[in-house]
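Welcome! Here is a short guided tour of one protein chain, written for a first look. Keep the picture in view as you read.

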Amino acid sequence: MLTINVTPTLNAGWIAYFAPYSMERHHDLIARMAVRPGVTLSMLGETLDGQPLDCLSITDAETPARKLWLIARQHPGETMAEWWMEGLLERLTDPADALARKLRRQHVFHIVPNMNPDGSRRGHLRTNAVGTNLNREWQTPTLERSPEVYRVLEAMHRTGVDFCLDVHGDEALPHNFIAGFEGIPRSRTIS
Ligand SMILES: [Zn+2]
């Protein structure tokens, strides 16, 4: 049972399931990261509501050893996934962080902090503008139903992928865990 007690001080109120991560904050994050050294911002495509699908590519390497993809918030209500991305981006672009410097010198990171801007803006828990669960679209995405996945997959085919992390969140589990990409042809889990 979830119980919320509140004494309203205004005639309107909003109650969030998880700590909100607004599109305004998303745009602030993209703008802040895009000007940092070694970061390139690209728009992989447009969503059905006409919003940009932002991707930050980060590297200091001339010929990166590995192409690492990190995506989050396919389920837009899982706001903790984008809070996670904000922390990751802050550390990865920190010039004073020795581990981040080493990783940037060796590899390239392609990062999509929000895979589902339409669902985020509309306040959906699990779907995009037309009710598609993007996490179920990777086998056969379409521009009509799941342009977010279609465009990211297109970019992945262009760059190649050595590693991919797809960040989700859960309200019930008291711990963090990593699930492998079981069932995906030509994939293997790196431990
Ligand atoms: Zn999820």
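Does His168 count as buried, partly exposed or exposed? At 29% relative accessibility, His168 counts as partly exposed. Please bear in mind that this is a predicted model. Let us start with the whole chain and then visit the zinc ion, the cores and a few single residues.

**The chain as a whole**

- The secondary structure comes to five helices and five strands.
- If you walk along the sequence, you meet them in the pattern α-β-β-β-α-α-β-α-α-β.
- The radius of gyration is 18 Å, close to the 16 Å that the globule rule gives for 191 residues, so the chain is as compact as a globular protein of that length.
- Taken along the principal axes, a box of roughly 55 × 40 × 35 Å is filled by the C-alpha atoms.
- Of the 191 residues in the chain, 39% are buried.
- Among contacts with a separation of 6 or more, 68% are between residues 24 or more positions apart.

**The zinc ion**

- Which protein atoms are the donors of the zinc ion? They are His75 (ND1), Glu78 (OE), Glu78 (OE) and His168 (ND1), so you will see Glu78 listed twice, and they lie 2.0 to 2.3 Å from the ion.
- Along the chain, these donors follow the spacing H-x2-E-x89-H.
- His75 lies in the loop between strand E3 (67-72) and helix H2 (80-92), while His168 lies in the segment after strand E5 (163-167), so the pair ties together parts that are 93 residues apart in sequence.
- His75 is buried, with a relative accessible area of 3%, whereas His168 is partly exposed at 29%.
- The angles among the four donor atoms run from 57 to 153°, and the site is irregular. Four donors count as tetrahedral if all angles lie between 85 and 135 degrees, so this range does not fit that label.

**The nonpolar cores**

- A general idea helps here: in soluble globular proteins, nonpolar side chains tend to be buried together.
- In this model, the largest nonpolar core has 17 residues. Leu56, Ile58, Leu89, Phe109 and Ile111 are those with the most contacts inside it.
- At least two residues of this core come from each of helix H1 (23-34), E2, E3, H2 and E4.
- H2 gives the largest share, with four residues.
- There is also a second, separate core of 14 residues, and Trp69, Leu134, Val149 and Ala155 are among them.
- Leu89 touches Leu29, Met33, Leu56, Ile58, Ile111 and Pro113, leaving out residues up to four places away in sequence.

**Phe109 in strand E4**

- Phe109 is found in strand E4 and counts as buried at 8% relative accessibility.
- Beyond residues up to four places away in sequence, Phe109 touches Leu56, Ser57, Ile58, Leu68, Leu70, Leu92 and Leu103.
- Phe109 and Thr47 are 62 residues apart along the chain, and their C-alpha atoms are separated by 22 Å.

**Glu82 in helix H2**

- Glu82 has its place in helix H2.
- Is Glu82 buried or exposed? Glu82 is buried, with a relative accessible area of 0%.
- Tyr21, His26, Leu29, Arg73, Pro113 and Asn114 are touched by Glu82, not counting residues up to four places away in sequence.

**Helix H5 and Val152**

- Helix H5 (residues 147-159) has 13 residues. From its first C-alpha to its last, H5 reaches 18 Å, close to the 18 Å expected at 1.5 Å a residue.
- The buried residues in H5 are Pro147, Glu148, Val149, Val152, Leu153, Ala155 and Met156.
- What do the buried residues of H5 pack against? Their partners are strand E1 (39-46), strand E2 (52-58), E3, strand E4 (108-112), helix H4 (117-122) and E5.
- Val152 counts as buried at 0% relative accessibility. Leaving aside neighbours within four places in sequence, Val152 is in contact with Leu44, Leu53, Trp69, Ile71, Val112, Met115 and Trp138.
- The C-alpha atoms of Val152 and Leu165 are separated by 13 Å, and these two residues are 13 residues apart along the chain.
- Just after H5, look for Gly160, which takes a positive phi of about 85°.

Technical notes
Residues are numbered from 1 along each chain as its sequence is written. This is a predicted model: local features need pLDDT of at least 70, side-chain atom pairs count only at pLDDT 80 or more; totals for chains, interfaces and linings use all residues. Side-chain values use heavy atoms; hydrogens and water are left out. Donors are N, O and S atoms within 2.8 Å of the metal (3.2 Å for Na, K and Ca); water is not among the atoms, so sites may look incomplete. Four donors count as tetrahedral if all angles lie between 85 and 135 degrees; four count as square planar and six as octahedral if opposite donors are over 155 degrees apart and all others between 65 and 115; anything else is irregular. Buried means under 20% relative accessible area, exposed over 50%, partly exposed in between (1.4 Å probe, protein chains only). The expected span of a helix is 1.5 Å times one less than its number of residues. Contact means heavy atoms within 4.5 Å. A nonpolar core is a set of buried Ala, Val, Leu, Ile, Met, Phe, Trp, Tyr and Cys residues joined through side-chain atoms within 4.5 Å. The radius of gyration is taken over C-alpha atoms; the globule rule is 2.2 Å times the number of residues to the power 0.38.
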